[in-house]
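Me: Please take a close look at the surface patches of this protein, and then follow the salt bridges and helices from there inward. A connected account would suit me better than a list.

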Amino acid sequence: SSSSRRTGTEAQDMCEAALYLRADIQHCLFCLVLPSAGITAQCIKCPNVKTQDMTQRCMKTRYADVCPFISRCLDHMKQDGLSVDHLFSQCVFRQDERDMVLKAIRAIQPDYQPCLNLTSGERYSSLVQDFYTQRADHSYPKLDFTQDELRERFKRQLSVEQACTVTIDSVEAAKPVTKNMAKMRKLLTEKRIQWQKILLQALCEHKMTLANTNTKDYRVNLYPYLCLLEDREYVDIMIQSVAHMPPSGESLKILAGNLGNRVFTRYSVRQKYQNQMVEKLDKIYSIYTDLLAKETKEYDVLPREQWCNLEMEHSSGPRLQGGETSWPYIVTLELGTCMVDMMVKNLKINSDALNSAHDRKLIPILYHMYTFRSTRQIGFIKPHPILTQMQQEAMETELIFDSYVMPMLCPPVPWTSVKFGAYLLTPTKLMRTLVGAIQHEVLLEKCQSLHAVLDSLNQLGNCAWRINKPLLDIIISIFNDRGNDKLDIPPPLSEAPKIDHFNPQDPTYTASDKAQMKREMISAKKKCSEMHSLRMDALYKLSIANHMRDEIFWFPHNMDFRGRTYPCPPYFNHLGSDMTRAILIFAEGKPLGPKGLDWLKIHLVNLTGLKKRSSLQERLEYANTIMEDILDSADNPLNGKKWWMNADEPWQALACCMEIANAVRSPESTQFISKFPVHQDGSCNGLQHYAALGRDVIGATSVNLMPCDLPQDVYSGVAQQVEEFRARDAETGLKIAQVLEGFISRKVVKQTVMTVVYGVTRYGGRLQIEKRLKEIDEFPKDSVWDASHYLVRLVFSSLKEMFTGTREIQDWLTESARLISKSGYSVEWVTPLGLPIIQPYHRTRIQVRWRGIGCQSMMMRPDTVKQKNAFPPNFIHSLDSTHMMLTALHCYSAGLTFVSVHDCFWTHALTVDSMNKVPNHSKITVQHLFFYSHFLHRYSCLPPPQLFPSYLIKCH
């Protein structure tokens, strides 16, 4: 402000001098004066001669003599429109700084008490107004733990995050150790010890070089960032990244970013201990468990509200929220690149490590090379084949993960703000964004109220889970026995196709032979790379599940820039594959009740993919007719009739068979305690939104938005219409239509139908159909190309006839986004729950300008193509997430267990009927009205399609 600038020089001198006074006044003046005077901490470290003289004079004064100076600081703040209350509610205090500032202020205002009523003036969306203001009938759920149990779990989780890494046993450890495996493990251990020593020396030398380098250009000075941790910690991070390097290599940008982020995470955890935040976190969490524990009283507040209240009650000491500042992306990237450079230059191995016949020489284990992604040239780090072979043959029994990869051992810290929530110590972003994008953070910090969004994330994260151990053991046995492609258990690399190498100079090969052999070699390499990726992904998931087999755990949640929610642990969570979902069950069990067993049977039929157009009663009757197969699957999953293997979701179907078998064999099925999650899945949720937007009665009927005697299945409907088109073309003599006779099914068209509303092109749809046709053994492989081209055209035509308004709405959204981005703006909107969304698609142009030295500047403009193509699906995703969040809030108020996989809602068999009665489904029209009112009012670039209701258009 102007007054700060006027008094800047004087304030700087006084502040620098005062910082040499007593410790209590030092904290006060640092927090009070520096922000308003625009002074950084760097100014304090190097006082000038004038400051030193003033310091000596100030040192001779008494405590009372400082009071006029503090009074003047308060007067300047008042002139600048800064209140002392804002100082305590918005400043970030560390250690005892808050207490010292309060002590200094009370030297002038003895009766001053900070006013920290952060909940005053809260504003809620009309969609959730009643949820927050009318709580008389709310019954918030408790966890099945005592306070002491929750506090003990907190301590265990704290120790995990403090270590930053977790070492677990691999599920491949059960295999007998061969002589070669033992040899490779010993060799790797020796090499890692050697590499650690080499990297330690290289790091020390590099730091010494940087310390003696005077960086004056635009580049980041990395020396301070290389001094934040112990040298051995940097080396451990680098060695860990080598162990996880895939054989096909990794993008330099991704690898460097991961290394830089790992350093930042460790530094953040260390800072929280140094700033005494952990002690306060322990104290508040211990009291917070009173809200969750089963033996405590009922509360009428939400977890977020309770945590905020506790922070206000225990405001003394460091502040938990807002004390963490993320490093700029360029810093983490530069730091990671520096570490990669050290690895490439210094990590080497003998060329005869695996074959003594080779000449011995030191060769790098990592190579920096370039490859092309589309038309862009990118840096790539690839491991040497010797290293890859050693790691594969060693089949090591331990895996090392970052702590945030593992589920939490205690309930997550509730999200209370944009910068605070989820893990205890590990820094976590509320919103996942594209690398380097910062627009979302700016919008979120300006947002007035995100309470409904935060509360829904907290509700999802508070669900406790455990492992379905019998099913996990079956999956691990198949995984270690060559896998099974049909059951989505990836086989080991020993089953990969052999890569035949040939000499291109051999004159016996013709040009055609060489081209064919080259194609086969490329195909084999690609297959090997895919198999390794899938195998390692399954290994990570199964190893984490096996490590947690006797634990109860939680998945903290955050969201992407569209508002779609995701568990924070990346590998093992309920959003994973069929195999991963089948392994997970609720930690808390509930009796089945009078209709729970029926819902288990209906759920099983849904998992098979059969009876999609049958009523619930017909599905139940069908389940009763196949009880023999269900019980056989449960009793003899691998040696019986194997009925479960033919289901669309075989592993979840087997888990459901086991649950049904246990229930029907219990003395009283209604009292059987079930922990099994039952799903209620949306009927092509994207088309539901478009049908509601366009008031499309026919389309709404086909996706179950309109009352019907029988459930509708849009995928079967599209498949039926495509078959009619095919039969008509076959009669006219079209050859490809005749070839396709008997091969058009719901499964062939499902993925394309589902993704059309999310912006899939005909090219993408053709690839999806091609993949489905290749899975049909009887279909002639030489006709796949022509058939996929033909079918994708029929699918798009069928959808256009069935959903008359969908394409018009998509075209209108696309054209609106095109005009907005052409004008130089990114498309942005606000969801009905108040979440601001902006599309992060830009074109970056780097310009070099000469001002004595070379200087780079980046010019960013919206990428028109990506902005317009991505807007329709992103818009639908944002509505979808709003719908889910509303459901989560209302289920929480009803005391139900609720989790979601986007538009698929999970709960106990006992409470399926209660969840289906949650009254948020009728609000979907209001959601659309709210969104379009905001979007049209902001841009008004095109008249809305006439299919929108007249009252919606008139409001503008």
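Reply: A patch is built from residues with over 30% relative accessible area and no salt bridge, like charges being joined within 9 Å and nonpolar side chains (Val, Leu, Ile, Met, Phe, Trp, Tyr) within 5 Å. A salt bridge is a side-chain nitrogen of Lys or Arg within 4 Å of a carboxyl oxygen of Asp or Glu, and accessible areas come from the Shrake-Rupley method with a 1.4 Å probe, with only the protein chains shown counting as cover for residues. The model is predicted, local features need pLDDT of at least 70, side-chain atom pairs count only at pLDDT 80 or more, and totals for chains, interfaces and linings use all residues. Residues are numbered from 1 along each chain as its sequence is written, and side-chain values use heavy atoms, with hydrogens and water left out.

On the nonpolar side, V697, L705 and M706 make a surface patch of about 240 Å². L705 sits in the loop between α28 (697–702) and α29 (714–731); helices (H or I, at least four residues) and strands (E, at least two) are DSSP runs, numbered from the N terminus. The relative accessible area of L705 is 37%, which means that L705 is partly exposed, a class that lies between buried (under 20%) and exposed (over 50%), with a 1.4 Å probe and protein chains only.

Two charged patches complete this view of the surface. For these, Lys and Arg count as positive and Asp and Glu as negative, with His and the chain ends not counted, and each charge is placed at NZ of Lys, CZ of Arg, CG of Asp or CD of Glu. The negative patch is formed by D485, D488, D648 and E649. Of these residues, E649 belongs to the loop between α25 (627–635) and α26 (650–664), and its relative accessibility of 30% makes E649 partly exposed. The loop between α25 and α26 also holds K642, a residue that has a positive phi of about 60° although it is not a glycine; K642 is partly exposed, at 33% relative accessibility. The positive patch gathers K253, R373, R376 and K866. R373 lies in strand β5 (residues 366–373) and, with 42% relative accessibility, counts as partly exposed.

Turning from the patches to paired charges, the salt-bridge rule gives a count of 32. One of these pairs joins E172 to R535, with 3.4 Å between the closest N and O atoms. The two partners come from distant parts of the chain, E172 from the loop between β1 (165–169) and α11 (179–211) and R535 from helix α21 (residues 511–547), 363 residues apart. Both ends are covered, since E172 counts as buried at 11% relative accessibility and R535 counts as buried at 5%.

A second pair is R262 with D402, where the closest N and O atoms are 2.9 Å apart. R262 lies in helix α13 (residues 252–274) and D402 in strand β7 (residues 398–402), so this bridge ties together parts that are 140 residues apart in sequence. R262 is buried at 17% relative accessibility, and D402 is buried at 8%. Following α13 comes Q276, placed in the loop between α13 and α14 (277–292); its phi is near 65°, a positive value in a residue other than glycine, and at 39% relative accessibility Q276 is partly exposed. Beyond single pairs, a network of salt bridges links R135, R304, E305 and D455.

A third pair, D231 with K207, meets at 2.8 Å from N to O. D231 lies in helix α12 and K207 in helix α11, so the bridge ties together parts that are 24 residues apart in sequence. Both D231 and K207 are buried. Helix α12 (residues 231–243) itself has 13 residues and reaches 19 Å from first to last C-alpha, close to the 18 Å expected at 1.5 Å a residue, the expected span being 1.5 Å times one less than the number of residues. Ten of the 13 residues of α12 are buried, leaving the helix mostly covered; among them are Y234, V235, I237, M238 and I239.

Helix α33 (residues 784–802) can be read in a similar way, with 19 residues and a reach of 26 Å from its first C-alpha to its last, close to the 27 Å expected. Its buried residues include V784, A787, Y790, L791, L794, V795, L799 and M802.
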